[in-house]
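Thank you all for making the time this morning. I would like to walk you through one model, going from the chain as a whole down to a couple of residues.

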Amino acid sequence: DILQEMERGYFASRAGPSGKAWAPLSPVTIKKKGHGRILRDTYELEASLTGESSTSIRRQAGNSLEFGTNREWAWVHQEGGGKIPQRELLGINDDGMKNVVDAVADAAVMMMFGER
């Protein structure tokens, strides 16, 4: 839930975890698509990261967690490439890390001592 909420914030602010704003679409791209929505052509990518969809990756095993999207083209937006500028959409900032650490610590205490 914490990671999905962080992703909602990235899409809402059109900026990645580092706080760097996503590069605007070029006028050519806007004309081609008919809109200026960044990373929201079909909303499939956003849905895969902010909710549960067939393109979401959510795996938990032991003490590991895998979170992301199975959209193979998402990496080119994350890293940038060719004519596509980088638009960081996955990652965790200091506030997000604190929230995750707090949640994990709370869960560990609950497992060790039960609810009190």
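Let me begin with a question: what percentage of the 116 residues in the chain do buried residues make up? The figure is 28%, and I should say at once that this is a predicted model, so every value I quote is computed from predicted coordinates.

On the overall dimensions, the C-alpha atoms fill a box of roughly 60 × 30 × 20 Å along the principal axes, and the radius of gyration of the chain is 17 Å, where a compact globule of 116 residues would have one near 13 Å. The accessible surface comes to about 8,000 Å², and carbon and sulfur atoms account for 55% of that surface. As for charge, there are 15 positive and 16 negative side chains, with the centres of the two sets lying 11 Å apart.

Turning to secondary structure, the chain contains five helices and two strands, and along the sequence these follow the pattern α-α-α-β-β-α-α. If we take the contacts between residues at least 6 apart in sequence, 47% of them join residues at least 24 apart.

Now to the interior. In soluble globular proteins, nonpolar side chains tend to be buried together. Here the largest nonpolar core has eleven residues, namely M6, Y10, F11, W22, L25, I38, L39, L45, L49, A74 and L89. Helix α1, residues 2-13, and helix α3, residues 44-50, each supply at least two residues of this core, and α1 gives the most, with three residues.

One member of that core is Y10, and, once residues up to four places away in sequence are set aside, Y10 touches A15, G16, P17, W22, L89, G91, I92 and N93; of these, W22 and L89 are themselves listed in the core.

The other residue I want to show you is E7, which is found in helix α1. Is E7 buried or exposed? E7 counts as buried because its relative accessibility is 2%, and the cut-off for buried is under 20%. Leaving aside neighbours within four places in sequence, E7 is in contact with L49, T50, F67, L89, L90 and G91, a list that includes L49 and L89 from the core. For a sense of distance, E7 and P85 are 78 residues apart in sequence, and their C-alpha atoms are 19 Å apart in space.

Technical notes
Residues are numbered from 1 along each chain as its sequence is written. This is a predicted model: local features need pLDDT of at least 70, side-chain atom pairs count only at pLDDT 80 or more; totals for chains, interfaces and linings use all residues. Side-chain values use heavy atoms; hydrogens and water are left out. A nonpolar core is a set of buried Ala, Val, Leu, Ile, Met, Phe, Trp, Tyr and Cys residues joined through side-chain atoms within 4.5 Å. Buried means under 20% relative accessible area, exposed over 50%, partly exposed in between (1.4 Å probe, protein chains only). Helices (H or I, at least four residues) and strands (E, at least two) are DSSP runs, numbered from the N terminus. Contact means heavy atoms within 4.5 Å. The radius of gyration is taken over C-alpha atoms; the globule rule is 2.2 Å times the number of residues to the power 0.38. Accessible areas come from the Shrake-Rupley method with a 1.4 Å probe; for residues, only the protein chains shown count as cover. Lys and Arg count as positive and Asp and Glu as negative; His and the chain ends are not counted. The place of a charge is taken as NZ of Lys, CZ of Arg, CG of Asp or CD of Glu.
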